[in-house]
Amino acid sequence: MGLSWFYSRTVRRAGHMLKHVDRYVSAQRDIISPECIQRIEAARDDLRNAVRANAPKKDLSAKMDNMEAVANKNFRPYPAAAWRENVEVLLVAIAVAMGIRTFFVQPFKIPTGSMQPTLFGITSTPDYTRPFLHESQAEPDFTVPNPIVRFLKFWYTGISYTQVKARKGGRIAHVDEPSHFLLFNLHQRFWLEGDDEPYHIWFPSDGLFARAGLMTPYGYSPRVFRAGEDIIKIKVISGDHLFVDRVTYNFRRPTLGEIIVFETRGIPRLPQDQFYIKRMVAMGENKVQIGNDRHLRINGRRLDTNTPHFERVYSFPPDRPPMDSVYSGHLNETVARQYGLSLAPHFETENDVFTVHPDHYIVMGDNTVNSSDSRSWGDFPQENVIGRSFVVYWPFGPQDGRESRFGWGNR
């Protein structure tokens, strides 16, 4: 078509029509007669020759009208053609989205608090999944806002409120698994004994019933609720949702201090079908120690606030004790036991040296008092790495005193 394709809308329309006709000929060649194919191809060649000869717009339009008439007369019409076109567009869009997810960026949500305060997992008031934090067991003292405020607050800041009152007395009888839309929980139902009508919860958080004290590892809570009593009253702050960059590590290896996402496959003492996110602190053949001053030493070199990617990790005052969800460096087992914790069997004292296997990594969470990481289960092969933390795309705003992580700030 040459340069005429750029400045002539009619030429571009003719090109699209020729491609459309060729596709239909290929699709229907075995179901229409040779005579029909000959008529269609003759009209097609006539239009193509006119395009190549830079025919005037009037002549080109006439040949396009003729091509359309011949095609409508000789092609077999598809049933529900509009639906077919929409389904094709949808399938192409899904294929493109899956390709982007597989090779470029993958959505990921932070399930736990091991990277706080750099990246936040789900937290709630109350939270009965963390019995060692007594303040999390306090009775809820918040006011549940009206539905419009709840909706707006959830979609902007990720803060949700759930309050369900018992219609009748009874215990929890059954809880459905939540239905999902993309990475979000959409809807969940549960029943009380003696009540055939379910209770509905929209946009439930992950592990809602366990956080509310209604589920245990052994089953439902035995608590009996009275009519009008709160079954659930909980405030949940959603974890960060981010995109994982799956491209960069095809061209280079992770560098010290980058936040990476990796598979748990093959790592002992961990579930084998999950993805974790941690900060990479050492790589193959490094010799790693954790000092009593809560600083890492890599090959004898002490990491501090001047080390790239560790500026905030080591920003704590030396005389401040380690705290949950506050930058506190890294704890070895000796220091952890001083606070009633056991976190680092591979780093019993500051003199213990862990040598990373070749082509392996060691990772640690920024929330050193509440992180299951390489201090407990060692290193893992570099093939497990999926990508690096790229951008937080939700929630958009700050959450009850926490600064917003939206965007590239966590990098």
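## A friendly note on this predicted model

1. Let us begin with Glu333. Leaving aside its neighbours within four places in sequence, Glu333 is in contact with Leu341, Ser342, Leu343, Ala344, Pro345, Phe347 and Glu348. Please keep in mind that you are looking at a predicted model.

2. Is Glu333 buried or exposed? Its relative accessibility is 2%, and buried means under 20%, so Glu333 counts as buried. You will find Glu333 in helix 8, which covers residues 333–337. One of its contacts deserves a closer look: the side chains of Glu333 and Ser342 make a polar contact at 2.7 Å.

3. Now for the aromatic rings. The model holds 22 aromatic pairs. Take Phe184 and Trp394 as an example: their ring centres are 5.2 Å apart, with 80 degrees between the planes, and the pair is edge-to-face. Where do the two partners sit along the chain? Phe184 belongs to strand 6 (residues 184–192) and Trp394 to strand 20 (residues 385–394), so this pair links distant parts of the chain, 210 residues apart. Phe184 and Trp394 are both buried.

4. Compare that with Phe262 and Phe380. Why is this pair called stacked? The ring centres lie 4.4 Å apart and the planes meet at 15 degrees; planes under 30 degrees apart count as stacked, so the pair fits that description. This pair, too, links distant parts of the chain: Phe262 is in strand 12 (residues 259–263), Phe380 is in strand 19 (residues 380–381), and 118 residues separate them. Phe262 is buried, as is Phe380.

5. Try finding a group of rings next. Phe151, Phe154, Trp155, Phe184, Phe203 and Trp394 are linked by ring pairs into a cluster. You have already met two of its members, Phe184 and Trp394, as an edge-to-face pair.

6. Rings also meet charged groups here. The charged end of Arg167 sits over the ring of Tyr199, at 3.9 Å from the ring centre. In another place, Arg279 lies over the face of Phe310, 6.0 Å from the centre of that ring.

7. Finally, look for empty space inside the model. How many cavities of 30 Å³ or more does a search of the whole structure find? The search finds 1. The space in the largest cavity is about 170 Å³. Its lining is made up of 16 residues, and Pro204, Ser205, Asp206, Ser238 and His241 are the ones that lie nearest the centre.

Notes. Residues are numbered from 1 along each chain as its sequence is written. This is a predicted model: local features need pLDDT of at least 70, side-chain atom pairs count only at pLDDT 80 or more; totals for chains, interfaces and linings use all residues. Side-chain values use heavy atoms; hydrogens and water are left out. Rings of Phe, Tyr and Trp (its six-membered ring) pair if their centres lie within 6.5 Å; planes under 30 degrees apart count as stacked, over 60 as edge-to-face and the rest as tilted. Helices (H or I, at least four residues) and strands (E, at least two) are DSSP runs, numbered from the N terminus. Buried means under 20% relative accessible area, exposed over 50%, partly exposed in between (1.4 Å probe, protein chains only). A charge sits over a ring if NZ of Lys or CZ of Arg is within 6 Å of the ring centre and within 35 degrees of the ring normal. A polar contact is a pair of N or O atoms within 3.5 Å; within protein, one must be able to donate a hydrogen and the other to accept it, and residues adjacent in sequence count only if both atoms are side-chain atoms. Contact means heavy atoms within 4.5 Å. On a 1 Å grid over the protein atoms alone, a cavity is a set of points where a 1.4 Å probe fits but cannot get out, and a pocket is an open set with protein on both sides within 12 Å along at least five of seven lines; lining residues have an atom within 4 Å of a point. Grid points are joined across faces, edges and corners, and a volume is the space filled by probe spheres set on the points.
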